[in-house]
Amino acid sequence: MQMREMETLKHSDVNQAKKIDIRKTRVRWGEFLIESSLGLCAMISIFTTGVIIFILAQESLGFFEAVSPFDFFFGTSWVPLFEPSSYGVLPLLWGTMLITIGAALFAIPTGLASAIYLSEYASPRMRAVVKPVLEVLAGIPTVVYGYFALTFVTPLLRKMVPGLEVFNALSGAIVVGVMILPTIATLSDNALRAVPDSLRQGAYALGATSLEVTTRVVVPAGLSGVMASFLLAISRAIGETMAVTLAAGATPNLSLTFLESIQTMTAYIVQVSMGDTPAGGIAYQTLFAVAGLLFVITLILNIVSQWILSKFREVYE
Amino acid sequence: MKRSPLELSNTNIQKRHRKARMFRLLCAGVTWLGAALLAILLIQITLDGIKWLDIQFLTSFPSRFPYKAGVKSALVGTLWLITMIAIVSIPIGVATALYLEELSHKGRIAKIVEVNIANLAGVPSIVYGIIGLAIFVRGLGFERSLVSGALTMSLLILPVIIIASREAIKTVPMSIRHAAYALGATKLQTAWAHVLPASFPGILTGVILALSRAIGETAPLIMIGALTYVAFLPEGPMDSFTALPIQIFNWVSRPQQEFHELAAGGIIVLLVVLLTMNATAIFIRHKTEKKLQ
């Protein structure tokens, strides 16, 4: 059809065609419809956030009508399911902190060392082996880590550490550390590799050794990405559920050692939801109060980590 | 004997280089420790679970008796779940990525959506579980069904799919878009006929990785109450169900040694499913990387 139109195109037609304003395009309603529906899909994420905040806030407010926020945030005893009940969240928060601190103590040095090895020392061939291994480690479901903690790490630790309970914070912390190690290693590796080679070469030219180049030039230059990876990993450790539920136990307490059974915020949520908790009761509402606290803590960590990335990123070139 | 400044600096240099070599060894050792941990984990699980792995294990329902128990309902439940998650999350995720990268005016709203998605990706999975419990199970009355599980999991992996798809779309060279525009294609035509096919392998890789994350997630399913004794196969989306990670969790949390070994058997099945998916993703990535070069 187009061909025929072309053939019949005459001089007068061409003159007329010149008058058509190509900026005036007709509205394509079909496309408009499709584009709007794609836009709607994009809005789903905003909607999801809204729903998460709304539901956590609504149920938490119901909870805070029955329990004063002061008792919740500063109480040192968490006995929500039995009488006399007590709703101090500090033991749960402390349990989460213990696991997170332990995991970070393990994962931050090893993760950073792995990242340095991958970006500064490993041959391309070695990288091609190690990177997939880290990715596989990152892809293993957390319930598998829970199994690993309970049947391998804990028995091993009990042989070495006297007085270690079957459920203990130490085993949970180590396994969570193993879990977040790949996050730190791969993200830090990306950050270190983004540091331009000219900086390294400059330092080598001045006679620096590889250790000095790494610790005084490369790591400081990639520090924003490295810090962001630490924060992301810590936020993952805080939200980690299955491994700590299986390994660390269900005893909310303010224990200072890693040897006893503790309970994290996430493990508490699992414990309650496994029982048949009626909707609307105070026990049901504690779920949302604890989850709300968890949400706020991880959100703050994520926002800070993004802020560090955007604010302190050294842009070379 | 007094040393000359040159000699002194020589020993100093040797010391510094020795330190550097030790640091290098340390970093390499720590990295291999990670690989060793993976090896120990896999070997341990295989040793524990391999003797339970047989046809009977794959074709039996869970049971109080370890020698009779199997993963049939869990495996079928996981397959149901993953199919439904894929149907819900892939279209929405890819559509969102396409809209944000190709169609939206890169203004304030797009920026807000972007930050928002990054934050959603960091929300702990158990929080999604609670939201699923409140909305799908209780609010909309879907009960403890496959629909509740699939919708909850879809919310969880949507940010992952969106971020991966956007990365894939970003790698499509501008020249392809310009060529399409130059021939008079609209934005939507360009996105649909050129950008999407060109970024397809990358999107597929991201989607597979996201789905494999959904397969292993346990906490949200426990929240919506999938942790029940299910000795039947789900026949429709509204049926109650169990899934592999749930079954594994159930077995691990029992005190008896036999059930721990069953759990290891279940883990092997789960890991085989996961590794197959991951291997596919890595294979696709490898293929496309070669093509681009």
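These legends go with a set of close-up views of a predicted model.

**View 1. Chain A on its own, before we get to its partner.**
Chain A has 317 residues, and 50% of them count as buried. Its secondary structure adds up to 14 helices and 2 strands. Take the contacts in chain A with a separation of 6 or more: 70% of them join residues that sit 24 or more positions apart. The accessible surface of this chain is about 15800 Å², with 67% of that belonging to carbon and sulfur atoms.

**View 2. Where chain B meets chain A.**
The contact draws on 73 residues of chain B and 75 residues of chain A. Between them the two chains bury about 6400 Å², and carbon and sulfur atoms carry 78% of that area. On the polar side of the ledger, the rule picks out 10 residue pairs in polar contact across this interface, both partners being at pLDDT 80 or more. The biggest giver on the chain B side is helix α1 (residues 5-49), which puts in 20 residues. Sort the chain B residues that touch chain A by type and you get 52 nonpolar, 14 polar and 7 charged.

**View 3. The salt bridge between the chains.**
How many salt bridges are counted between chain B and chain A? Just the 1. It pairs Glu212(A) with Arg16(B), and the closest N and O atoms are 2.7 Å apart. As a reminder of what goes on in such a pair, side chains of opposite charge can pair when their charged atoms come close.

**View 4. Cys27(B), tucked in against chain A.**
Cys27(B) is part of helix α1 of chain B. Its relative accessibility is 1%, so Cys27(B) counts as buried, the cut-off being under 20%. Leaving out residues up to four places away in sequence, Cys27(B) touches Ala113(A), Ile116(A) and Tyr117(A).

**View 5. Asn119(B) and its chain A neighbours.**
For this view we move to helix α4 (residues 108-121) of chain B, where Asn119(B) is found. Is Asn119(B) buried or exposed? Buried, with a relative accessible area of 11%. With residues up to four places away in sequence set aside, the residues it touches are Leu299(A), Asn302(A), Ile303(A) and Gln306(A).

**View 6. Asp189(A) with two basic partners.**
Asp189(A) has a relative accessibility of 0% and so counts as buried. One of its salt bridges is to Arg127(A), at 3.3 Å from N to O. That pair ties together distant parts of the chain, with Arg127(A) in helix α6 (residues 124-139) and Asp189(A) in helix α8 (residues 169-193), 62 residues apart. Arg127(A) is buried too, at 16% relative accessible area. Asp189(A) also forms a salt bridge with Lys131(A), where the closest N and O atoms are 3.1 Å apart. Here again helix α6 is linked to helix α8, this time by residues 58 positions apart. Lys131(A) and Asp189(A) are both buried. Why might two residues on one helix be able to face a shared partner? An α-helix has 3.6 residues a turn, so residues three or four places apart point the same way.

**View 7. A salt bridge inside chain B.**
Glu114(B) and Arg166(B) join their side chains in a salt bridge, 3.6 Å from N to O. The two residues come from distant parts of the chain: Glu114(B) sits in helix α4 and Arg166(B) in helix α6 (residues 146-170), 52 residues apart. Their surroundings don't match, though: Glu114(B) is partly exposed at 32% relative accessibility, while Arg166(B) is buried at 10%.

**View 8. A salt-bridge network in chain A.**
Glu120(A), Asp197(A) and Arg200(A) are connected through a network of salt bridges. For context, a search over all chains of the structure turns up 11 salt bridges.

**View 9. Helix α13 of chain A, mostly out of sight.**
Helix α13 covers residues 265-274 of chain A, and 8 of its 10 residues are buried, so the helix is largely enclosed by the rest of the structure. Which residues of α13(A) are buried? They are Met265(A), Thr266(A), Ala267(A), Tyr268(A), Ile269(A), Val270(A), Val272(A) and Ser273(A).

Definitions and conventions
Residues are numbered from 1 along each chain as its sequence is written. Chains are lettered from A and ligands numbered from 1 in the order in which they are written. Side-chain values use heavy atoms; hydrogens and water are left out. Contact means heavy atoms within 4.5 Å. Buried area is the accessible area (1.4 Å probe) that two parts lose on being put together, summed over both. A salt bridge is a side-chain nitrogen of Lys or Arg within 4 Å of a carboxyl oxygen of Asp or Glu. A polar contact is a pair of N or O atoms within 3.5 Å; within protein, one must be able to donate a hydrogen and the other to accept it, and residues adjacent in sequence count only if both atoms are side-chain atoms. Helices (H or I, at least four residues) and strands (E, at least two) are DSSP runs, numbered from the N terminus. Ala, Val, Leu, Ile, Met, Phe, Trp, Tyr, Cys and Pro count as nonpolar, Asp, Glu, Lys and Arg as charged, and the others, Gly among them, as polar. Buried means under 20% relative accessible area, exposed over 50%, partly exposed in between (1.4 Å probe, protein chains only). Accessible areas come from the Shrake-Rupley method with a 1.4 Å probe; for residues, only the protein chains shown count as cover.
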